[in-house]
There are 2 protein chains.
Amino acid sequence: MTAGADSVDVREVGPRDGLQAEAPIAVRDRVRLIAALFDAGVRHVEACSFVSPKAVPSMAGAAEVVSALRPPADARVVALVPNLRGAELAGDAGVRELSVTISASPAYNEKNVRMSVDESVESIAAIAKLGMPVDAVVSCAFGSPYEGDIAVAAVAELGRRLLDVGAATLTLADTTGMATPRRVEEVLAATGTDVGLHLHETRGTGLVNAYAAWQAGVRRFDTSVGGLGGSPFAAGAAGNLATEDLVHLLDDLGVVTGIDLDRLLAASGLVASLVGHAVPSRVAGAGPRTRLAPA
Amino acid sequence: MTAGADSVDVREVGPRDGLQAEAPIAVRDRVRLIAALFDAGVRHVEACSFVSPKAVPSMAGAAEVVSALRPPADARVVALVPNLRGAELAGDAGVRELSVTISASPAYNEKNVRMSVDESVESIAAIAKLGMPVDAVVSCAFGSPYEGDIAVAAVAELGRRLLDVGAATLTLADTTGMATPRRVEEVLAATGTDVGLHLHETRGTGLVNAYAAWQAGVRRFDTSVGGLGGSPFAAGAAGNLATEDLVHLLDDLGVVTGIDLDRLLAASGLVASLVGHAVPSRVAGAGPRTRLAPA
């Protein structure tokens with residue numbers, strides 16, 4: 001723990017990363033979810049993805065989602081785009097900020113987007129030329145299921161290249177849940193802490209990694225309402241770090257997120273009803289620590 | 001993270017705290033589980049509880065469990081006892097170390113054991129006079145579902161009283177999963193760090209609390225193989241901090257536990273087959289970070 005007043009930028013990725021692995025949900029319900037998140041105080045949301053609806057059916061209708069949103073004046077709405085064509089579609093739909101993924105793992109990048117890392121850097125350079133701020137999300141930054149730990153110098157070098165070609169910001173993603181506090185500190189020592197962190201609970205380490213990163217100075221986190229998303233496993237299935245789990249931790253530390261936990265739990269209940277199953281978040285299941293037993 | 005070689009005493013409570021909430025399992029299978037834990041390198045185990053078999057059917061046969069164990073010479077076998085009678089039975093069965101619970105929350109103590117806190121202190125004093133080392137486990141040390149946060153001075157004072165009346169050691173328990181890194185640090189600042197911590201994943205905070213406590217200097221933790229035990233909730237059900245989740249974290253930090261993670265995961269698989277359902281541990285579900293994808 002470190003002392004003092006503090007605030008954290010929570011980027012809510014549930015409407016994109018959380019829902020993309022679920023059965024498709026109607027555009028109006030995705031819009032309703034985002035409205036509930038805004039109502040809870042969320043002011044930074046990855047709302048959709050301009051990918052092929054054939055490849056990712058649950059992300060179909062991205063332009064319709066964007067045009068139906070009524071974001072508060074101080075809210076940032078981001079769309080994930082896979083390539084220049086997607087970025088153009090997002091811009092046409094009125095999106096003003098983009099996120100694009102690239103992997104620190106050559107093998108993962110090849111399997112995920114069928115491009116070399118160099119080709120992905122070039123693609124991000126082309127997207128950045130459109131003029132919208134681009135957040136470059138570096139996947140497998142804390143470990144790759146193919147190569148294990150990527151050298152931190154290579155992760156840092158890739159980050160520098162991405163900023164050099166025009167990315168506005170960097171997010172380091174723990175795509176398959178391989179981060180640990182030790183690894184988080186090692187990577188941040190190489191990249192600096194002016195990055196966002198996108199953490200997964202695959203191995204139950206999302207929250208402890210967020211805490212270690214916060215201790216190290218990171219003030220931007222991607223989270224998903226309910227903890228939806230990520231790679232499903234047969235037992236102990238868990239996806240992204242849950243927004244409510246992070247807000248619960250940060251509230252207790254006195255760190256300002258602007259998000260109201262009770263209203264966020266209402267949004268979490270909404271997403272559970274929309275996907276038709278319980279969400280992995282344990283704070284959603286058990287309630288916050290401040291909710292005492294009836295007398 | 002703090003630097004340097006380090007070791008942690010992991011007290012495995014799965015055979016007691018983990019199994020007590022499950023349907024009863026045969027004594028021979030409970031003994032088999034403990035043997036698998038010894039085989040994984042566990043050297044400190046809460047093996048059973050000398051409670052009324054009517055009250056806790058799954059803990060019936062405690063004396064039979066103890067007499068069937070073949071612990072390694074350097075292993076410590078502990079039994080939980082509810083009162084002096086239980087302690088005498090444990091001693092008769094050949095147990096040489098005891099654990100006894102008491103609550104920092106007067107309301108919880110009253111509901112759980114129908115005694116005032118003072119009466120529980122007197123009971124522990126009487127048990128300690130038998131001459132076996134007694135670990136006093138202070139429940140609700142990090143929050144009570146009835147009173148919220150108990151004053152840390154009161155938690156520390158109760159700990160001092162327990163040592164004064166003969167308890168050999170203290171364990172602070174997060175009985176209903178209300179601990180947070182902030183609260184852990186506040187309590188430890190009052191009690192000192194020469195305590196064991198018994199943490200729960202009710203709100204998904206067990207691992208981050210263990211990390212915060214380890215950073216503060218705590219070197220004794222109770223964990224349960226598979227993460228069994230604790231209060232079940234409808235969604236996101238989770239019990240004790242899972243042994244494999246803590247060992248996975250500590251291994252990565254270079255902290256010695258003496259436990260082999262692969263063999264521990266075998267014991268976790270055994271307990272899942274014995275209870276007939278998947279265990280909550282996410283490392284059990286997804287495997288350790290060091291287990292890469294096939295080439």
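Biologist: How many residues has the largest nonpolar core, and which have the most contacts inside it?

Modeller: In this predicted model, the largest nonpolar core has 172 residues. Those with the most contacts inside it are A:Ala79, A:Val138, B:Ala79 and B:Val138.

Biologist: Which residues does A:Val138 touch, leaving aside those up to four places away in sequence?

Modeller: With that exclusion, the residues touched by A:Val138 include A:Ile102, A:Ala104, A:Val155, A:Leu158 and A:Leu170.

Biologist: How should phi be read at A:Cys140?

Modeller: Most residues other than glycine have a negative phi. A:Cys140 has a positive phi, near 60 degrees. A:Cys140 lies in the loop between β5 (134-139) and α7 (152-164) of chain A.

Biologist: Is A:Cys140 buried or exposed?

Modeller: A residue counts as buried if 20 or more other C-beta atoms lie within 10 Å of its own. A:Cys140 has 28 such neighbours inside 10 Å, and is therefore buried. B:Arg114, which also is not a glycine, has a positive phi of about 50 degrees. B:Arg114 lies in the loop between α5 (106-113) and α6 (117-128) of chain B and is exposed, with 8 other C-beta atoms within 10 Å.

Biologist: What turn lays chain A on chain B?

Modeller: A turn of 180 degrees, with a shift of 0.0 Å along the axis, gives an RMSD of 0.0 Å. The two copies are thus related as by a two-fold rotation axis. In chain A, the C-alpha nearest that axis belongs to A:Val208, 2.2 Å from it.

Biologist: How many residues does each chain bring to the contact?

Modeller: Chain A brings 42 residues and chain B brings 41 residues. On the side of chain A that touches chain B, 23 residues are nonpolar, 11 polar and eight charged. Because 98% of the interface residues of chain A are also interface residues in chain B, the copies meet through the same surface.

Conventions: Residues are numbered from 1 along each chain as its sequence is written. Chains are lettered from A and ligands numbered from 1 in the order in which they are written. This is a predicted model: local features need pLDDT of at least 70, side-chain atom pairs count only at pLDDT 80 or more; totals for chains, interfaces and linings use all residues. A nonpolar core is a set of buried Ala, Val, Leu, Ile, Met, Phe, Trp, Tyr and Cys residues joined through C-beta atoms within 7 Å. A residue is buried if 20 or more other C-beta atoms lie within 10 Å of its own, exposed if 12 or fewer, and partly exposed in between; C-beta atoms are placed from the backbone. Two residues are in contact if their C-beta atoms, placed from the backbone, lie within 7 Å. Copies are superposed by least squares on the C-alpha atoms of residues with pLDDT of at least 70 in both. Ala, Val, Leu, Ile, Met, Phe, Trp, Tyr, Cys and Pro count as nonpolar, Asp, Glu, Lys and Arg as charged, and the others, Gly among them, as polar. Helices (H or I, at least four residues) and strands (E, at least two) are DSSP runs, numbered from the N terminus.
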